[in-house]
Amino acid sequence: MNTIRPELLSLSSEQFHSLLPFFWVFGGTLIAVLGCVLKVINPKWPVFLVALVTCVAGMLTSCGLLSVSPIFLFNGMMVSDSYSNFFNVIFSAAALSTVLVSLRYLDKEGLQHPEYFVLLLFAALGMMLMASSLDLIVLFIALELMSLPIYILTGFRRTDRRSNEAAIKYFILGSAASAVFLYGSALLYGATGATGIKMISAYIQNHPEGLTPVFGLGVGLVLFGFLFKVAAVPFHMWMPDVYEGAPIPITGFMTTGLKAAAFAAFVRVMISIGYSKIEFNSLTHLGFLQAHIHDILWWMAVLTMVVGNFVALTQTQMKRMLAYSSIAHTGYLLIGIISGPQGDLGFAPNVLYIAVYAIMNMGAFVILALLSARGDTGLNLADFSGMSQRHPWLAFSMAVFLLSMAGIPPMAGFAAKYLLFYSAVQANEISLVVIAVLCSAVSVYYYLRVIVYMYMRDSIGSPATLRVSIWAGFALVAMVVLTIQIGLSPGQLVEVVKRVVIDI
């Protein structure tokens, strides 16, 4: 008869303290649920304020845990370390920005339903769990906890055909990717007898010659599951339609939080299955697998950068342009995955790039949410003509984010790209860096094209009245300041991410 181990039922004070970000977010989510069902009050403001406080509390408690030693939880199925808490800060900040910009957006769209914020908090909780998971089963649960609310939020405009189509496409393809990931995890369990990624790693190091082709197939399926979630080519086809159909704040949340969560878990799992600084004999099954993983990721990085940047050149709708831009940035991040095991900086450039990307990309989507007309219309390139005269501060903010995405100094994107490419050069991935630099040069065209329309074209039609709420204005100012400040002085953040990746 199975018995429950006593240590799983109790938490030490250290373990309880390490779980505070989860308790805050989960507790806030439950309170928000209660706010939705109480009939004696209008749930709009109470649920919004609960979501706001929850995100701030989750962010602050995660910041307080950045310097703690790793604390293993629930028999090693989860860990609270600097790495997971750094990503928790990103998830909480992304959710906070989405909450701030959503209040007036939902009013404008006639979508002011309190469950919107509840689903947002559940998705953020799933992201936090993904970054902390040390077990493939827990990781799958976290993946679904993150994905299911996002499927619903993608189709939140229930009367909009594009939103419905995007939600259905994302649900079907996302479910297939989750099934592939789960089947790969089952094969890894069959090959190693474990689902914990630390135990899988220990098995690999102790039995490198005893691994079977079943292990290789399991690794491949898990790898493809992650590559779908990060929208690497050829698993990217869902992204443009989903990004275009989803409400703009949700698109921004997906392109920051969802991508960060997928890469956070991706790095942990890749290290556990042998893609690390430990090199195995090329004649063994694991050594053969290591070489093939490198080649697969190398070609996918190239295809992702090339397809993302060159297709973005042809886009005139801003949401689709930023969707293909996001695909291109996935290619840059794959460079960090490839070079991480060989470079002196490890995966620190990846973590830095994810943090910077989240700031500048979320900022761009906040501006799109402010500028959009009802139904997310009015976001074609021509609609940005003369924006510097109509809305000078929004035009300036958009220019900052676009220049940062293009990697133009002294913006944060330049510092992040420089460190990423420098690490790849150290790992002797010279040809990959050359391709990445050329693709970055291509991206400058479509980013600068938007700036040209904002500053060098005359306005079309009469200027529309634009009211920016204090909530959205605060989020936007914070992201502009961070983008410029990190670009001018990246050293402090670089030191933080170097310390963070030591715990992986």
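A cavity is taken here as a set of grid points where a 1.4 Å probe fits but cannot get out, and a residue counts as lining when one of its atoms comes within 4 Å of such a point. With that in hand, the inside of this predicted model can be looked at. Just one cavity of 30 Å³ or more turns up, and the largest cavity holds about 40 Å³. Its walls are made by Val25, Thr54, Cys55, Phe91, Ser92, Ala95, Leu121, Ala124 and Met128. Three helices, α3 (44-63), α4 (82-109) and α5 (115-132), put in at least two lining residues each. By class, the lining of this cavity has seven nonpolar residues and two polar ones, with no charged residue in the set.

The largest pocket, the open counterpart, takes up about 720 Å³. It has 27 lining residues, and those nearest the pocket centre are Met59, Val89, Ala93, Ile359 and Leu482. Helices α3 and α4 show up again here, each with at least two residues in the lining, and so do α14 (348-371), α19 (470-488) and α20 (491-500). The top contributor is α4, with eight residues. Charged residues are absent from the pocket lining too, which splits into 22 nonpolar and five polar.

Since α4 helps line both the cavity and the pocket, its packing against other helices is worth a look. Two packed helices are described by the angle between their axes and the distance between the axes. For α4 and α5, the axes come within 9 Å and cross at roughly 165°. Angles over 145 degrees count as roughly antiparallel, and α4 and α5 are therefore roughly antiparallel to each other. The crossing of α4 past α5 is right-handed. On the α4 side, the contact draws on Tyr83, Ser84, Phe87, Asn88, Phe91, Ala95, Thr98, Val99, Ser102 and Leu106, while α5 brings Tyr116, Phe117, Leu120, Ala124, Met127, Met128, Ala131 and Ser132. Sorted by class, this contact comprises 13 nonpolar and five polar residues, and no charged ones. Phe91, Ala95, Ala124 and Met128 belong both to this contact and to the cavity lining.

The pairing of α4 with α14 runs the other way round. Here the axes come within 10 Å and cross at roughly 5°, and with angles under 35 degrees counted as roughly parallel, that makes α4 roughly parallel to α14. From α4, the residues involved are Tyr83, Phe86, Phe87, Ile90, Ala94, Ser97, Thr98, Val101, Tyr105 and Lys108, and they meet Val351, Ile354, Ala355, Ala358, Met362, Val366, Ala369 and Leu370 of α14. This contact has 15 nonpolar residues, two polar residues and one charged residue. Tyr83, Phe87 and Thr98 of α4 take part in the contact with α14 as well as in the one with α5.

A further helix pair is formed by α13 (residues 318-339) and α18 (residues 430-456), with axes that come within 11 Å and cross at roughly 160°. That puts α13 roughly antiparallel to α18. The crossing is left-handed in this case. Met318, Met321, Ser325, His329, Tyr332, Ile335 and Ile338 make the contact from α13, and Leu432, Ala436, Cys439, Ser440, Tyr446, Tyr447 and Val450 make it from α18. Eleven of the contact residues are nonpolar and three are polar, again with no charged residue.

Turning to the backbone, a few spots in the loops stand out. The peptide bond between Val233 and Pro234 is cis, with omega near 10°, and Pro234 sits in the loop that links α9 (213-229) to α10 (238-245). That loop also holds Ala231, a residue other than glycine with a positive phi, near 65°. Another cis peptide bond links Pro409 to Pro410, with omega about 5°. Pro410 lies in the loop between α16 (392-406) and α17 (412-426). Asn75, not a glycine either, has a positive phi of about 60°, and its place is in the loop between the strands β1 (71-73) and β2 (78-80).

Definitions and conventions: Residues numbered from 1 in each chain as written. Predicted model: local features only at pLDDT ≥ 70, side-chain atom pairs only at ≥ 80, totals over all residues. Heavy atoms only, no water. 1 Å grid on protein atoms, 1.4 Å probe; cavity = no way out; pocket = protein on both sides within 12 Å on 5 of 7 lines; lining within 4 Å. Points joined across faces, edges and corners; volume = space filled by probe spheres on them. Helix = DSSP H or I, 4+ residues; strand = E, 2+ residues; numbered from the N terminus. Nonpolar A, V, L, I, M, F, W, Y, C, P; charged D, E, K, R; others polar. Axes fitted to C-alpha atoms, helices over the stretch in contact; angles between N-to-C directions. Parallel < 35°, antiparallel > 145°, perpendicular 65-115°, else oblique. Left-handed = near helix turned anticlockwise from the far one by under 90°. Contact = heavy atoms within 4.5 Å.
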